[in-house]
Amino acid sequence: MPWYTVVSYGLLWLHDPGLLGSVTLLSALLHEAGHVGMALALGVPITGVTLYPFGADIRLGYGLRSYRKDMAIAAAGAVVNLLLLLLGLGLGGPTGMCLLASNLVLGGMNLLPIEGLDGGAVCRSLLGLMCDGKRVEPVLRIISFGFLFVLWVIAVYVLLVSDGDPSLLVIVCALFASAFLRDDGKGRLGGKRE
């Protein structure tokens with residue numbers, strides 16, 4: 001785990017050391033564990049896991065994989081969030097409300113069809129099943145850009161009408177950078193992911 005991830009998680013917890021912050025961090029870790037568990041259950045080798053402040057990079061081996069396996073692995077994190085959300089409904093009280101709120105946001109945001117999120121991986125797999133492989137990446141980039149643009153408009157609106165909270169805008173900018181400002185290995189930004 002990179003040092004900045006440990007610092008980021010520590011700062012997040014210090015910002016909200018109460019129940020909501022702790023439940024959210026635990027839910028995020030369980031979300032990522034869902035991906036790892038599904039990959040192992042499907043027999044897909046994992047070559048590495050790196051936790052980052054906004055998620056994890058789970059590197060999968062190139063063994064016997066298919067679009068269906070990739071889709072199941074990508075969706076597994078949101079399934080964990082759904083199960084934790086249902087647990088929160090059953091528990092009630094402050095703990096239940098924290099489980100409900102954090103997992104609704106984590107699962108919901110992760111299912112958006114944006115490259116770099118689980119929903120983008122699910123969308124890539126669905127596109128791979130429905131159309132020619134050469135069209136998958138360009139169509140996914142268009143879908144990602146459309147969703148990011150709508151989120152950006154919402155984030156700017158929230159920033160202007162709220163008390164100046166830039167949280168959503170920062171997240172949208174980070175998602176945009178992750179999806180569209182990658183180095184392709186030749187010194188050019190926006191290259192294809194390996």
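**Helix 3 and its surroundings**

Helix 3 bends by about 35° at A76. The model is predicted. The helix covers residues 67-91 and holds 25 residues. From its first C-alpha to its last, helix 3 reaches 36 Å, close to the 36 Å expected at 1.5 Å a residue. G92 follows helix 3, and the phi of G92 is positive, near 65°.

The buried residues of helix 3 are M71, I73, A74, A76, G77, A78, V80, N81, L84, L85 and G88. A76, where the bend is located, is thus listed among the buried positions. The packing partners of the buried residues are helix 2 (19-41), strand 2 (55-60), helix 4 (93-110) and helix 5.

Contacts of two polar residues, N103 and D118, are described next. N103 is placed in helix 4. N103 has a relative accessible area of 2%, under the 20% cut-off, and is therefore classed as buried. Beyond residues up to four places away in sequence, N103 touches S27, N81, L84, L85 and G108. Of these contacts, N81, L84 and L85 are buried residues of helix 3.

D118 belongs to helix 5, which spans residues 118-130. The relative accessible area of D118 is 13%; this value is under 20%, so D118 also counts as buried. The side chain of D118 makes a polar contact with the side chain of H31, at 2.8 Å. With residues up to four places away in sequence left out, D118 touches H31, H35, A74 and N110. A74 is one of the buried residues of helix 3. H31 and H35 are contacts of D118, and helix 2 covers residues 19-41.

A nonpolar core was also identified. The largest such core has 11 residues: L112, I114, L117, L148, L151, A155, L169, V172, L175, A179 and F180. Two elements, helix 6 (133-161) and helix 7 (167-180), give two or more residues each to this core. Helix 7 supplies the largest share, five residues. In soluble globular proteins, nonpolar side chains tend to be buried together.

I114 is one of the core residues. Leaving aside neighbours within four places in sequence, I114 is in contact with G119, G120, S144, F147, L148 and L151. Among these, L148 and L151 are also members of the core. G119 and G120 are further contacts of I114, and helix 5 covers residues 118-130.

Conventions. Residues are numbered from 1 along each chain as its sequence is written. This is a predicted model: local features need pLDDT of at least 70, side-chain atom pairs count only at pLDDT 80 or more; totals for chains, interfaces and linings use all residues. Side-chain values use heavy atoms; hydrogens and water are left out. Helices (H or I, at least four residues) and strands (E, at least two) are DSSP runs, numbered from the N terminus. Buried means under 20% relative accessible area, exposed over 50%, partly exposed in between (1.4 Å probe, protein chains only). A polar contact is a pair of N or O atoms within 3.5 Å; within protein, one must be able to donate a hydrogen and the other to accept it, and residues adjacent in sequence count only if both atoms are side-chain atoms. Contact means heavy atoms within 4.5 Å. The expected span of a helix is 1.5 Å times one less than its number of residues. The bend at a residue is the angle between axes fitted to the seven residues ending there and the seven starting there. A nonpolar core is a set of buried Ala, Val, Leu, Ile, Met, Phe, Trp, Tyr and Cys residues joined through side-chain atoms within 4.5 Å.
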